[in-house]
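Reader: I'm about to open this model at my bench, and I'd like a friendly guide. Please choose a single part for a close look, then show me how it relates to the rest.

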Amino acid sequence: NEINIDFSSATNNNHKLILSKRLTSQTGIALDNDFVFDFNLSEPEPFIGFADSSNIINKNNSPNLIDVDVLNLKNITIKITHVSDKNMMQFLQVNEINGTLEMERVGKVIFSKSFNLESDLDYNPNQLTTYNLNLLGVNLTESGLYSFSLSYNPTDVIYKKDSLQLNKTERPARQINLNPFTQNIIFSDIQ
């Protein structure tokens, strides 16, 4: 049996779920006792974003070290797509400078990697934390535009309130924004 609860219209964060022993399964088996779950939904939703909102970065300022802000996530994935100078006009036909439309047509994915944040010594999932991602080995020296996309999966989200987990292999059903956060960056020789 499965229970899905929608809290989207809840007026407060404190909740009590009571599963009555009068409930029966599809085969007619009843619970031995009532089960009571008290829980609070005030924990912050997961967040991911770049610490620096600049779109133009000097090539000489360590482009292989990228700072990202993270909250309530144990893993994140970064994908870098390069749009070369010769494709910039095609890119700008359908995008503003921070756009992401038709990237597969005008750009090439040059890097994609997942980072485990739990291994970091300063890991604190319930606090907004800036992580310095090391992208050494990624060639970011060609001119053009680099689109950095940060994303995560539902299994990467940390729920502090695990008391709701009736089945330890699944997470409680919650609405989570799984759209990747993308920022386009131009590396320039401008000082």
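Author: Helices and strands here are DSSP runs, a helix having at least four residues and a strand at least two, numbered from the N terminus. With that in hand, let's start at leucine 31, found in the loop that links β1 (14-19) to β2 (35-40). Please keep in mind that this is a predicted model.

How exposed is leucine 31? Its relative accessible area is 32%, so leucine 31 ranks as partly exposed, since that class falls between the 20% limit for buried and the 50% limit for exposed. Leucine 31 shares a nonpolar surface patch with Leu23 and Phe35. Together the three offer about 250 Å² of accessible area. For the whole protein, the accessible surface is about 12,200 Å², and carbon and sulfur atoms make up 48% of it.

Now for the inside. Of the 191 residues, 38% count as buried. The largest nonpolar core brings together 22 residues, and those with the most contacts within it include Val68, Ile78, Leu135 and Phe148. Several strands feed this core: β3 (47-50), β5 (65-71), β6 (75-84), β7 (108-116), β8 (129-134) and β9 (144-151) each give at least two residues. A separate second core has 6 residues, among them Val83, Met88, Phe91 and Val106.

Ile76 is a good residue to click on, as it is also among those with the most contacts in the largest core. Leaving aside residues up to four places away in sequence, isoleucine 76 touches Ile48, Val68, Val70, Lys113, Ser114, Phe115, Leu117, Leu133 and Ser151. Looking at the whole chain, 75% of the contacts with a separation of 6 or more join residues 24 or more positions apart. The full set of elements is 2 helices and 10 strands, running in the order β-β-β-β-β-β-α-α-β-β-β-β.

Two other loops make a nice comparison with the one we began in. The loop between β5 and β6 holds asparagine 72, whose phi is positive, near 60 degrees, although the residue is not glycine. Is asparagine 72 buried or exposed? Its relative accessibility is 1%, so it counts as buried.

Glutamate 102 sits in the loop between α1 (88-94) and α2 (103-106). Its phi is also positive, about 55 degrees, in a residue other than glycine. The relative accessible area of glutamate 102 is 35%, which means that this residue is partly exposed. Charged side chains of opposite sign can pair when their charged atoms come close. Here the side chain of glutamate 102 meets that of arginine 105 in a salt bridge, at 2.4 Å from N to O. Arginine 105 is partly exposed too, with 39% relative accessible area. The structure has 1 salt bridge.

Finally, a word on trust. The mean pLDDT of the protein is 76, and 67% of residues reach at least 70. Confidence peaks in β7, at 92, and is lowest among the strands in β4 (residues 56-58), with a mean of 59. Over residues 161-175 pLDDT remains under 50, and the model gives that stretch 26 contacts beyond four places in sequence. Where pLDDT is low, predicted coordinates should not be read in detail.

Conventions:
Residues are numbered from 1 along each chain as its sequence is written. This is a predicted model: local features need pLDDT of at least 70, side-chain atom pairs count only at pLDDT 80 or more; totals for chains, interfaces and linings use all residues. Side-chain values use heavy atoms; hydrogens and water are left out. A nonpolar core is a set of buried Ala, Val, Leu, Ile, Met, Phe, Trp, Tyr and Cys residues joined through side-chain atoms within 4.5 Å. Buried means under 20% relative accessible area, exposed over 50%, partly exposed in between (1.4 Å probe, protein chains only). Contact means heavy atoms within 4.5 Å. Patches are made of residues with over 30% relative accessible area and no salt bridge: like charges are joined within 9 Å, nonpolar side chains (Val, Leu, Ile, Met, Phe, Trp, Tyr) within 5 Å. Accessible areas come from the Shrake-Rupley method with a 1.4 Å probe; for residues, only the protein chains shown count as cover. A salt bridge is a side-chain nitrogen of Lys or Arg within 4 Å of a carboxyl oxygen of Asp or Glu. pLDDT is the predictor's confidence in each residue, from 0 to 100.
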